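Visitor: I'd like to learn how to read a model like this one. Could you walk me through it?

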Protein chains: 2
Amino acid sequence: MTDHLIIVAGGTGSRMGTDLPKQFLEINHKPILVHTLERFYSFDSSLNIIVVLHPDFVDYWIDLKRTLQLDIPHQVVAGGKERFFSVQNGLNAIQAETGVVGIHDAVRPLVSKRTFETSYHQARINGNAIPVLPLNDSLRTVEDGQNKIADRSKFRLVQTPQCFEISLLRKAFEQAYHPTFTDDASVVEALGVHLNLVEGNRENIKITTPEDLQMAQAYFTLTKEI
Amino acid sequence: MTDHLIIVAGGTGSRMGTDLPKQFLEINHKPILVHTLERFYSFDSSLNIIVVLHPDFVDYWIDLKRTLQLDIPHQVVAGGKERFFSVQNGLNAIQAETGVVGIHDAVRPLVSKRTFETSYHQARINGNAIPVLPLNDSLRTVEDGQNKIADRSKFRLVQTPQCFEISLLRKAFEQAYHPTFTDDASVVEALGVHLNLVEGNRENIKITTPEDLQMAQAYFTLTKEI
């Protein structure tokens, strides 16, 4: 049975018009989005891959992948105003009635094979799987100018790919959009479905700041040397 | 005015007797604790440094630093059963009545000069400063087998060095130990003092797992190349 992967790359750059969106920044002379695609393709070359991009960057990507002679088959879909609508558009591009759909942040090129396999496998068995990690750091809550300690043992950091059996995901994305839908798990959770947490991998960071980019760069450099 | 630094390296290894505690694991042929010491010493060579170690590893460290011919002046103090008692012992080794005391995890060798300067500077002005970062990842709460989304914008990841004016810190550590004292900030918070949050740095990770060690290794390798 073919499984599916929606890679969400909705960013438009932090300083509109001047900066490239993070998914197109380069690590070792290759855009982050290409690293992410190559990684999943190496895990399972039969994946049905959909890349969702901000409408302003669809042509940019089509040109770029031609220039790079990228030979990983995938559909390109224009995203919406919120992540919810981007995933919805990606989901609409899938024709199949069966299989697991993983939804992955384009800017997480360091997902491990173990995280990939565990997430898809558990979603196949239990309907869904969300990769998470415990916190190494202490945690504080901040609200109204006050802050206080929180019990970090009661929290998990959430990664991607978040994986769902396709019929469950379709049902979830038929709901009307709500501002509390901050990630894909929260959309499925709104159906009242229990989410299955599985173990992610620490280096699967979301590249958000220049410091994150440098961390990822370092990791790629090292793993290439090993 | 001389400032102070208590480096807490209380670990005894995850599999007692077989593994070395994390602070003695090597990155580029040098123990993590040495990286941490060298970094702070390069920031401010006048710091009054106290290294707190588990009693079982005091002699090990004294031998090791002799072998490595480490020439960074510091006192070595035996720790207690909980972090609270280790910091208390470190604090008792400081004679001075003035200055800021930073308390730092030995296994955070990647603290930046900016984090160091901001934390000490703010503590000098406001009595205390805690370096924190917003979360890149979504956050879920887990309790009694259930999990649900949390609003990550209301949380901060807490790093070290946590910095305090010495008289405030002494007052805090005169309190009786309480199990909710999970980090140094929480001890000072118990006095009813407002904690000042300052910006940490993303690569200032706490090396807790083999994956963290590999991330830190990668970062050191890259920054050496640059």
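Visitor: Through what surface do the copies meet?

Guide: Start with contact, which means heavy atoms within 4.5 Å. By that rule, 98% of the interface residues of chain A are also interface residues in chain B, so the copies meet through the same surface. Before we go on: this is a predicted model, where local features need pLDDT of at least 70, side-chain atom pairs count only at pLDDT 80 or more, and totals for chains, interfaces and linings use all residues. Residues are numbered from 1 along each chain as its sequence is written, chains are lettered from A and ligands numbered from 1 in the order in which they are written, and side-chain values use heavy atoms, with hydrogens and water left out.

Visitor: What rotation superposes chain A on chain B?

Guide: Copies are superposed by least squares on the C-alpha atoms of residues with pLDDT of at least 70 in both. Here it takes 180 degrees, with 0.0 Å of shift along the axis and an RMSD of 0.0 Å. That is the relation of a two-fold axis. To find the axis by eye, look for Ala218(A): of the residues of chain A, its C-alpha comes closest, at 2.4 Å.

Visitor: How many residues does the contact take from each chain, and what area is buried?

Guide: Chain A puts in 49 residues and chain B 48. Buried area is the accessible area (1.4 Å probe) that two parts lose on being put together, summed over both. For chain A and chain B that comes to about 4,400 Å², with carbon and sulfur atoms giving 55%.

Visitor: How many salt bridges are there between chain A and chain B?

Guide: The rule wants a side-chain nitrogen of Lys or Arg within 4 Å of a carboxyl oxygen of Asp or Glu. The count is ten, and one of them joins the side chains of Arg114(A) and Glu211(B) at 3.9 Å, N to O.

Visitor: Which elements of chain A supply residues to the side that touches chain B?

Guide: Helices (H or I, at least four residues) and strands (E, at least two) are DSSP runs, numbered from the N terminus. On chain A, β8, β9, β10 (155-158), α6 (184-189) and α7 (210-225) each supply at least two residues to that side. The most come from α7(A), with ten residues.

Visitor: Which strands pair across the chains?

Guide: Two strands pair if DSSP finds at least two bridges between them. Four bridges join β10(A) to β8 (residues 138-143) of chain B, and the two run antiparallel. Look for Leu157(A), which stands opposite Leu139(B).

Visitor: And what does strand β8 of chain A pair with in its own chain?

Guide: β8(A) pairs with β9(A) (residues 146-150), antiparallel, over five bridges. Thr141(A) has Lys148(A) as its bridge partner. Two residues sit between the strands of this hairpin, where Asp144(A) takes a positive phi near 50 degrees.

Visitor: Which strands does β11(A) pair with?

Guide: β11(A) (residues 162-165) pairs antiparallel with β6(A) (residues 100-105) over four bridges, and with β7(A) (residues 128-133) over two, again antiparallel. Cys163(A) is the bridge partner of Gly102(A), and Ala129(A) stands opposite Cys163(A) too.

Visitor: Where is there a cis peptide bond?

Guide: Check omega. From Thr160(A) to Pro161(A) the bond is cis, with omega near 15 degrees, and Pro161(A) is in the loop between β10 and β11 of chain A. In chain B, the bond from Thr160(B) to Pro161(B) is cis as well, with omega near 10 degrees.
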